[in-house]
Amino acid sequence: MTTPPESQTLPSVETTLSPDEVKSRLTKLSKKGKLAGFEPSEPSALCSVAAHGAPFDSKLLIRHDGDTLKFECVLLSMMPRIFVLLLIVTVWPGLPLTEGFLVSFDWYTGLMSKIGIETWHWYLPLTILPAPFAYLGAIKKSKQSAHESALEAIEKVQSVL
């Protein structure tokens, strides 16, 4: 069993190089196509690289702290927000579609009138209740896979320092 990503820490890398020299070496590595998503200008760090996750990506922030490079993996928030929006928006159109399909069967109409419930009584709980679990599962999976990608990127960074 793997450790949850919240408790996993990323290793730091010791270096005697200046921040400019570190950035220069990482720029060269990225121009060779070996450091995906390299961003030389990052407002809150020295630079950043991509930390690919599934289904949502992250970025690996690289900070120069004295003689040490420290790393932080940050989930990019755009796709999770779109995912939540899609979960919310797709619930309602499914109700009339599902009901329109099911009322074409005589057994469904008879059964629903006999037990006294309407389609939305069972459809909405069936579609809304799993949504938070789907979202949280996707976030957890994304953080785990991004952490693994970050470790690979850190190895590449360490190889050029």
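**Figure 1. Helices α2 and α5 cross in a right-handed way.** This is a predicted model, and here we're looking at how α2 passes α5. The two axes, with α5 covering residues 131–160, come within 11 Å and cross at roughly 160°. Angles over 145 degrees count as roughly antiparallel, and that makes α2 roughly antiparallel to α5. On the α2 side, the contact is made by Pro80, Phe83, Val84 and Leu87. Facing them from α5 are Ala131, Ala134, Tyr135, Ala138 and Ile139. Sort this contact by class and you get nine nonpolar residues, with no polar and no charged ones.

**Figure 2. Helix α2 also meets helix α4, and the pair is oblique.** Here α2 (residues 78–102) and α4 (residues 119–128) have axes that come within 10 Å and cross at roughly 140°. That angle is what makes α2 oblique to α4. The crossing of α2 past α4 is right-handed. From α2, look for Thr90, Val91, Trp92, Gly94, Leu95, Thr98, Glu99 and Leu102. From α4, the contact residues are Thr119, Trp120, Trp122, Tyr123, Leu124, Thr127 and Ile128. The class tally for α2 with α4 is nine nonpolar, five polar and one charged.

**Figure 3. Helix α1 crosses α5 with right-handed geometry.** Zoom in on α1 (residues 19–31), whose axis comes within 10 Å of that of α5, with a crossing of roughly 115°. Three residues of α1, namely Arg25, Leu26 and Leu29, meet Lys156, Val157 and Val160 of α5. By class, the contact of α1 with α5 has four nonpolar, no polar and two charged residues.

**Figure 4. Four strands make an open antiparallel sheet.** Reading across the sheet, the strand order is β1-β4-β3-β2. The edges are β1 (13–14) and β2 (47–51), each of which pairs on one side only. At the β1 edge, the neighbour is β4 (residues 68–75), and the two strands pair in the antiparallel sense over two bridges. To find those residues, start at valine 13, whose bridge partner in β4 is leucine 69. Then move to glutamate 14, which has threonine 68 of β4 as its bridge partner. As general background for looking at any such view, side chains in a regular strand alternate between the two faces of the sheet.

**Figure 5. β3 and β4 form a hairpin.** Eight bridges hold the antiparallel pairing of β3 with β4. Two handy landmarks are serine 58, whose bridge partner in β4 is leucine 75, and arginine 63, which stands opposite lysine 70 in β4. There are two residues between the strands, and in this turn glycine 66 has a positive phi of about 70°. For context, most residues other than glycine have a negative phi.

**Figure 6. β2 and β3 form a hairpin, with a cis peptide bond in view.** Here β2 runs antiparallel to β3 (residues 58–65), and five bridges join the two. Alanine 51 stands opposite serine 58 in β3. Serine 58 also turned up in the previous view, as the bridge partner of leucine 75 in β4. Six residues lie between β2 and β3 in this hairpin. Proline 55 sits in the loop between these strands, and a cis peptide bond joins alanine 54 to proline 55, with omega about 5°. Most peptide bonds, by contrast, are trans.

**Figure 7. Confidence in the model, with a look at the start of the chain.** Across the protein, the mean pLDDT is 92, and 96% of the residues reach 70 or more. Residues 1–6 are another story, with pLDDT staying under 50. For that stretch, the model has seven contacts beyond four places in sequence.

How values were computed. Residues are numbered from 1 along each chain as its sequence is written. This is a predicted model: local features need pLDDT of at least 70, side-chain atom pairs count only at pLDDT 80 or more; totals for chains, interfaces and linings use all residues. Side-chain values use heavy atoms; hydrogens and water are left out. Two strands pair if DSSP finds at least two bridges between them. Axes are lines fitted to C-alpha atoms, for helices over the stretch in contact, and angles run from 0 to 180 degrees between N-to-C directions. Angles under 35 degrees count as roughly parallel, over 145 as roughly antiparallel, 65 to 115 as roughly perpendicular and the rest as oblique. A crossing is left-handed if the near helix is turned anticlockwise from the far one by less than a right angle, and right-handed if clockwise. Contact means heavy atoms within 4.5 Å. Ala, Val, Leu, Ile, Met, Phe, Trp, Tyr, Cys and Pro count as nonpolar, Asp, Glu, Lys and Arg as charged, and the others, Gly among them, as polar. pLDDT is the predictor's confidence in each residue, from 0 to 100.
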